[in-house]
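Trainee: I have a model open here and I am not sure where to begin. Could you walk me through it?

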Amino acid sequence: MLCQKCKREATVHMREAIDGVVREVYLCLECAQDQGVVVPKTPGGLPLESVLQKFVTAHLGELVGELARRRCPCCRMSYMEFRANGRLGCPNDYTTFESGLLPMIKQSHSATRHVGKRPQRHCKNGPELIRLRTALGHAIDDQNYEEAAQLRDAIRDALKDALS
Amino acid sequence: MNLDDLTRTSGEWLRGSGPESDIVMCSRIRLARNIATYPFTNRASRGDKTEIEREVKAAIAKSGADLFYQDVHVLNPLDRQFLVERQLISRELMAAEGPRGVAIGPQENLSIMVNEEDHLRIQVMHSGLSLNEVWEQITLLDDRLEETLDYAFHSQMGYLTACPTNVGTGIRVGVMLHLPALVQTRDIEKVFRALQKINLAVRGLYGEGTQAFGDFYQISNQQTLGKSELEIIRTISDVIPQVIDYERRARKDLLENSRQGLHDRVSRAYGVLKTAHQISSEETMHLLSSVRMGINLGLIDDLEIPTVNELFIHTQPAHLQKIQGRHLEVDDRNLARAQYLRSRLSNGRHQSN
């Protein structure tokens, strides 16, 4: 099959159905990149995550691209990481990634609102403690012991607040 | 209590009593819970996991529940496998890394896994069809733990879990059924399709992705959000009697239409188990399944159901090695298994341990 633009050998085959009308496109790699159908050449050595993000933005638009770039301020998990391994990083991710999670949750549970048991207690500073604990883990990994000590103090204070 | 003590006993859920226990092995409910102030387990640092373990142990102590805590991190691979075979921990907890453990209740009715996919996986299991009793016990324990622990909860999404497939109630309600006749008549596929249509999952003896060894199947809910715990329990409670009824009808048909063939198959299975000199775990499960059905249909009268239930577990690889007190390779296990079965099944009427 030849490229429909330049008649070179086609290496990209795209098939789309719009309102029941099926359209097939054959393109060579260069023309496909010009058309934005495939990811433009990226400099070597880029982490997989950013390649994937470019791919998502190219195909699904900026809105989803923005979601793909989103990162939880507490546990530092990105939406792309969640999509790659299927596990969220902390309770706050349900808020950070809400626009991506809700359709998924609706599909698997046929519902979006909890019915049933509720705990009596309510924790106010959960996200803040997760943010501090995640930062502490990174400080220890980086052998930044001064920062780690400060973070430990901050965690202790936050726990006191939680109890008061 | 320690792990070696467990090799001499078996869980209450194997005792073969309770409603419909000829077909229902046990009823089980688990709740997934997380502490609001820590990242989920997959994102938690080693230090976080240590703290989570400490907090959960303190909450258990305060709850007044009589539980024995086993640190899984320090266990050797054989002991971890032993806990999996006993249904006290999941394969995920066995294979995980870092601080983690399991709190085990008397008679093994109850266990709390710590630092599995979620910080807490609370499980209660009873023999026979008894979901209401299981729910009463587990919700009470959950309440007690919550008096000390701050659970991660969202007013709209409910209990927050590491995987969105468990969010909401965090509940999995499961019933383990022994369905040898439906397997034999090949009607089992029809039952599965009907269950899948109403969003129920069917799994093997050891949960997700495992084969249905010994014709045991777990039927459980998949959806955890949008319905209350009691509604989810009711859905399962309504459907199980229908499956039981199918299995009973299939057994009746087999008895009426091919009694001789069935009796022969059951007796041969029993004969092989009593006399073999080497036998694999898979063949053992397969033959025990025939024997179990044979007892329930009155075709074998010198063996008790609890003994058979126990043999399903005690002939698994790790159990066998714990009972023998030494490491055994596959060939040696097959010899030891056959010897163990001969000793348990010889000499007239048999009692469970």
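Mentor: Let us begin where the chains meet: the contact takes 36 residues from chain B and 32 residues from chain A, two residues being in contact if their C-beta atoms, placed from the backbone, lie within 7 Å. This is a predicted model, in which local features need pLDDT of at least 70 and side-chain atom pairs count only at pLDDT 80 or more, while totals for chains, interfaces and linings use all residues. Residues are numbered from 1 along each chain as its sequence is written, and chains are lettered from A and ligands numbered from 1 in the order in which they are written.

Trainee: Which elements of chain B each supply at least two residues of the side that touches chain A?

Mentor: They are helix 2 (46-63) and strand 6 (153-154) of chain B; helices (H or I, at least four residues) and strands (E, at least two) are DSSP runs, numbered from the N terminus.

Trainee: Okay, new topic: in what order do the strands of the open sheet in chain B come?

Mentor: Eight strands of chain B form that open sheet in the order 2-3-4-5-1-8-10-9, with antiparallel pairing, where two strands pair if DSSP finds at least two bridges between them. Strand 2 (68-71) and strand 9 (200-203) of chain B stand at the edges with a single partner strand each, so one side of each has no neighbour in the sheet.

Trainee: How many bridges join strand 4 and strand 5 of chain B?

Mentor: Strand 4 (residues 110-114) and strand 5 (residues 120-127) of chain B pair over five bridges in the antiparallel sense, and Val114(B) stands opposite Leu120(B) in strand 5 of chain B.

Trainee: And Ile138(B), is that buried or exposed?

Mentor: Ile138(B), which is found in helix 5 (residues 131-146) of chain B, counts as buried because it has 22 C-beta neighbours inside 10 Å; a residue is buried if 20 or more other C-beta atoms lie within 10 Å of its own, exposed if 12 or fewer, and partly exposed in between.

Trainee: What does Ile138(B) touch, not counting residues up to four places away in sequence?

Mentor: On that count, Ile138(B) touches Ile29(B), Leu31(B), Ile122(B) and Val124(B). Ile138(B) and Gln123(B) are 15 residues apart in sequence, yet their C-alpha atoms are 7.2 Å apart in space.

Trainee: Last one: leaving aside neighbours within four places in sequence, which residues is Leu288(B) in contact with?

Mentor: With those neighbours left aside, Leu288(B) is in contact with Gly214(B), Leu273(B), Val308(B), Leu311(B) and Phe312(B).
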